[in-house]
Amino acid sequence: ESLRCDREFEYAYYNLGNMLCGRETVKLSDGRVMNKRQLFLEALRSNRDYSSPYLGLVFELSANDTVTLSDGRTMNQQKLLLEALRCDVEYAAAYFTLGSLLSGSETVALSDGRMMNQ
């Protein structure tokens with residue numbers, strides 16, 4: 001109902017995506033049928049500074065997979081996490097997940113210039 005009232009309500013897309021399991025889809029009031037990944041992408045189309053959908057997308061991708069955002073950027077798991085941290089520098093779950101993706105000696109630069117490793 002919230003999306004019928006406001007098609008740009010990013011939190012509704014994100015929360016709806018979190019409710020889906022596996023290959024489930026949902027039909028929106030405007031007729032679109034969307035899966036979890038599409039709902040997270042739609043949340044980011046509505047608000048690219050909303051950190052949670054970036055993390056949600058990480059768990060929808062396999063290790064070598066990428067996703068293309070509505071602005072044309074193509075991102076892998078690591079880039080999605082870095083973008084989540086750009087949006088929210090205190091997003092603990094994104095730091096934890098990023099650390100689990102890095103190899104023991106690998107480092108990564110955050111948007112604020114800090115270098116991080118595991």
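In the predicted model, S51 is placed in the loop that runs between helix 3 and helix 4. With a relative accessible area of 9%, S51 falls under the 20% limit and is therefore buried. Apart from residues up to four places away in sequence, the contacts of S51 are with A84, C87, D88 and Y91.

Helix 3, which precedes this loop, is mostly covered, 8 of its 11 residues being buried. The buried set consists of K36, L39, F40, L41, E42, A43, L44 and S46, and thus takes in the charged residues K36 and E42. The elements that cover these buried residues include helix 2, strand 1 (25–27), strand 2 (33–35), helix 4 and strand 3.

The packing of helix 2 against helix 3 can be described in further detail. The axes of the two helices come within 8 Å and cross at roughly 165°; because angles over 145 degrees count as roughly antiparallel, helix 2 and helix 3 are assigned to that class. The crossing in which helix 2 passes helix 3 is left-handed. On the side of helix 2, the contacts are made by E10, Y13, Y14, L16, G17 and N18, which meet K36, L39, F40, E42, A43 and S46 of helix 3.

The largest nonpolar core comprises 31 residues, and within it L57, L69, L80 and L98 touch the most other members. At least two residues of this core are supplied by each of helix 2 (10–19), helix 3 (36–46), helix 4 (52–58), helix 5 (77–87) and helix 6 (92–101). Such an arrangement may be set beside a general tendency: in soluble globular proteins, nonpolar side chains tend to be buried together. For L57, when neighbours within four places in sequence are left aside, the residues in contact are R37, F40, L41, L44, V67, L69 and L80. Two of the core residues that touch the most other members, L69 and L80, are thus found in contact with L57, and the list also includes F40, L41 and L44, which belong to the buried residues of helix 3.

Charged pairs were examined next. Side chains of opposite charge can pair when their charged atoms come close, and the count for this model comes to 10 salt bridges. One of these joins the side chains of R37 and D65, at 3.2 Å from N to O. Since R37 lies in helix 3 whereas D65 lies in the loop between helix 4 and strand 3 (67–68), the pair ties together parts that are 28 residues apart in sequence. R37 has a relative accessible area of 25% and is partly exposed, and D65, likewise at 25% relative accessibility, counts as partly exposed. R37 is also among the residues in contact with L57.

A further salt bridge is formed between the side chains of D30 and R32, with an N to O distance of 2.8 Å. Here D30 is partly exposed at a relative accessible area of 34%, and R32 is partly exposed at 24%.

The side chains of R73 and D71 meet in a salt bridge at 2.7 Å, N to O. R73 is partly exposed, its relative accessible area being 23%, and D71 counts as partly exposed at 40% relative accessibility. This pair is part of a wider arrangement, in which salt bridges that share partners join R48, D49, D71, R73, E83 and R86 into one network.

Conventions:
Residues are numbered from 1 along each chain as its sequence is written. This is a predicted model: local features need pLDDT of at least 70, side-chain atom pairs count only at pLDDT 80 or more; totals for chains, interfaces and linings use all residues. Side-chain values use heavy atoms; hydrogens and water are left out. A nonpolar core is a set of buried Ala, Val, Leu, Ile, Met, Phe, Trp, Tyr and Cys residues joined through side-chain atoms within 4.5 Å. Buried means under 20% relative accessible area, exposed over 50%, partly exposed in between (1.4 Å probe, protein chains only). Helices (H or I, at least four residues) and strands (E, at least two) are DSSP runs, numbered from the N terminus. Contact means heavy atoms within 4.5 Å. A salt bridge is a side-chain nitrogen of Lys or Arg within 4 Å of a carboxyl oxygen of Asp or Glu. Axes are lines fitted to C-alpha atoms, for helices over the stretch in contact, and angles run from 0 to 180 degrees between N-to-C directions. Angles under 35 degrees count as roughly parallel, over 145 as roughly antiparallel, 65 to 115 as roughly perpendicular and the rest as oblique. A crossing is left-handed if the near helix is turned anticlockwise from the far one by less than a right angle, and right-handed if clockwise.
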